[in-house]
Amino acid sequence: MPKIVDHDQRRREIVEVTWRFIAREGIEKLNLRDLAAAAGYSNGAFKPYFPTRDSLLVATFRYVAEATDRRIARMCQGQSGLGALEAFAREVLPLDELRRNEARIAVHFWHLALGDRALAAVNAQTMDRWRELIDQWLGQLLGPEHPAARVARDSMINFLMGAQASSVLDEAVNTAESLEAQLQYRLDALRRLHPQS
């Protein structure tokens, strides 16, 4: 009997190998032939799943974003307001090796997305999901229609994205301890907007 292949599982395996390769080696060294060899597949085995390098990169970025979103959902469950915002930020900030690798993937992906609308749209979907979450938690913290809520939301998003880039490009300064302190600085600013929190 022919071997039954779980195609969804195979796609996941390929993407997992890819994101670890990119985190370790960088996107510039990524080609499907070498990646297939590193994963133990025959040359061309990726083609039915990911016909182009870009299709694999989109799937890899989505995989990392979805893994982050699952952690956010788990850590923020039962929390609201400032507590949820803090838990959310800690799942995005590169505070350990896993999240630093995710940051490396994000930075490589953003570089490609600068010149590719389809890739930029994938990133925009993630940012839209995060903005919705932050809007919800800021509404709980500050009340509806607070005049500073939108600026606070966008400032948090920009801090998190900047922290991912800085942790990759300026790792010696942007250590986990430094990023934790920067996060507390931002949370303190939100507390000042709502002194009862």
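**How do we know? Reading an all-helix pattern**

Q: What makes up the area that the protein exposes?
A: The protein exposes about 10900 Å², and carbon and sulfur atoms supply 53% of it. Accessible areas here come from the Shrake-Rupley method with a 1.4 Å probe, and for residues only the protein chains shown count as cover.

A quick note on the source. This is a predicted model, where local features need pLDDT of at least 70, side-chain atom pairs count only at pLDDT 80 or more, and totals for chains, interfaces and linings use all residues. Residues are numbered from 1 along each chain as its sequence is written, and side-chain values use heavy atoms, leaving out hydrogens and water.

Q: Why is the pattern of the protein written with α?
A: A helix is a DSSP run of H or I with at least four residues, and a strand is a run of E with at least two, numbered from the N terminus. The protein has 8 helices and 0 strands, so by that definition its pattern reads α-α-α-α-α-α-α-α.

Q: What share of the residues count as buried?
A: Buried means under 20% relative accessible area (exposed is over 50%, partly exposed in between; 1.4 Å probe, protein chains only). Of the 197 residues, 42% count as buried.

Q: How do you know which contacts join residues at least 24 apart?
A: A contact means heavy atoms within 4.5 Å. Among contacts between residues at least 6 apart in sequence, 71% join residues at least 24 apart.

Q: What are the spans of the C-alpha trace along its principal axes?
A: The C-alpha trace spans about 65 × 40 × 30 Å.
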